[in-house]
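User: Please examine the structure shown below and answer some questions on helix packing and on empty space within the protein.

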Amino acid sequence: MAGLGVGLIGTGYMGKCHALAWNSVASVFGDIDRPRLVALAEVDAELAARKARDLGFAHATSNWRDLLADPDVDVISVTTPNAFHAEMAIAALEAGKHVWCEKPMAPLLGDAERMQAAASRSGKVAAMGYNYIQNPMIRQIKGLIEQGAIGAVNHVRVEMDEDFMADPQALFYWKSEAASGYGALDDFAVHPLSLLFTLFGHVEAVIADMVKPYAERPLPDGGSRPVENHDLASVLFRLEGGISGVLMANRSAWGRKGRISLQIFGSQGSILFDQERMNEFELYQNSGDKTQQGFRKILAAPDHHPYDRFIPAPGHGLGFNDLKIIECHELISAINGKPAHLISFGDGLQIERSVHAMARSFAERRWVTVET
């Protein structure tokens, strides 16, 4: 049986990540038909042709709508800048294609709602690109929480920090435009929100603050342009079940490269995780001899499925792109009618509602209940 026919829109950072996943998923998991890399779209024909050659796609086009009309394309990866997600995802679903769309859904809540409505009408699989939830360590942490290993969870702290916008002399580009969204909240903090959703359920109420560390950024011609969104966000929140929490996101944190720090506190212990050390977490349990209690480091190993699909030995470690391969396999499982561990458009919409509630809270300087 022929594998799924794949179309890819966009070949930048995440486009390449999707392409690597589509190229590798059958080899890693061995339980699916190899996807057929049918066509990709880029902004001009020359770039598209070069990327198709590099990434292994049979055809290239400078018009992304060509993928919608291609009967050989079954599923489309949308990896373009945030502002284009809604138009492309909705058009793909209306053309009868499954969709794998990078986060966030869209800068405007109304567009995210239209994306979810299109997914519901289509009957197709529509999944968001939240690959951090695919980490075997996160799956293990979820299992421990559900087993009561640290008792009843009462507080969660999560921080996401990177320094790709830390330099005040870095040129203005699309991530500082209002058209791309609120900034750190929806371009960035949606990742820790996906972890919170996976582990605990939806955010129920928030109060937020946002900051612009640099009011303007330089332009290539020597001028400058006002920064239109916020690179820092701080949020107090309440989760389902009354769990309290703190979320902090900073795109301008010198020295931080890919940090998502997760601290989970329960009535009988604690769990600590940091994405920069993604192949381990620490577990404290308030049991046994008090003189020997302390945090235990747990390293990723073949017992933490699906680590075993990549490496037969413990402690060797997975990487960011491996998480995307796992996510790709989950997507294919969903398309094949099997249970899958994904952020659907419906769940993604709830994450977007959390983000917009945070922005509203900042504007109105008060606690805001997250719409469900």
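User: Which residues of helix 9 does helix 1 meet?
Analyst: The model is predicted, so local features need pLDDT of at least 70 and side-chain atom pairs count only at pLDDT 80 or more, while totals for chains, interfaces and linings use all residues. Residues are numbered from 1 along each chain as its sequence is written, and side-chain values use heavy atoms, with hydrogens and water left out. Contact means heavy atoms within 4.5 Å; on the side of helix 1, the residues include Tyr13, Met14, Trp22 and Phe29. Their counterparts in helix 9 are Phe320, Asn321, Lys324, Ile325, Ile326, Cys328, His329, Leu331 and Ile332.

User: How many nonpolar residues does the contact of helix 1 with helix 9 have?
Analyst: Ala, Val, Leu, Ile, Met, Phe, Trp, Tyr, Cys and Pro count as nonpolar, Asp, Glu, Lys and Arg as charged, and the others, Gly among them, as polar. By these classes, the contact of helix 1 with helix 9 holds 4 polar and 1 charged residues, and its nonpolar residues number 15.

User: What is the angle between helix 1 and helix 9?
Analyst: Helices are DSSP runs (H or I, at least four residues), numbered from the N terminus; helix 1 covers residues 13-29 and helix 9 residues 320-335. Axes are lines fitted to C-alpha atoms over the stretch in contact, and angles run from 0 to 180 degrees between N-to-C directions. The axes lie 8 Å apart, at an angle of about 65°.

User: Is helix 1 roughly parallel or roughly perpendicular to helix 9?
Analyst: Angles under 35 degrees count as roughly parallel, and 65 to 115 as roughly perpendicular. The packing angle is about 65°. Helix 1 is therefore, relative to helix 9, roughly perpendicular.

User: Which residues line the largest cavity?
Analyst: On a 1 Å grid over the protein atoms alone, a cavity is a set of points where a 1.4 Å probe fits but cannot get out, and lining residues have an atom within 4 Å of a point. The largest cavity holds about 50 Å³ of space. Its lining consists of Leu193, Phe197, Gly201, His202, Val203, Gln350, Ile351 and Ser354.

User: Which helix gives the most to the lining of the largest cavity?
Analyst: Helix 8 (190-200) and helix 10 (345-364) are the elements that give two or more residues to this lining. The lining has 4 nonpolar, 4 polar and no charged residues. The most, 3 residues, comes from helix 10.

Technical notes:
Parallel < 35°, antiparallel > 145°, perpendicular 65-115°, else oblique. 1 Å grid on protein atoms, 1.4 Å probe; cavity = no way out; pocket = protein on both sides within 12 Å on 5 of 7 lines; lining within 4 Å. Points joined across faces, edges and corners; volume = space filled by probe spheres on them.
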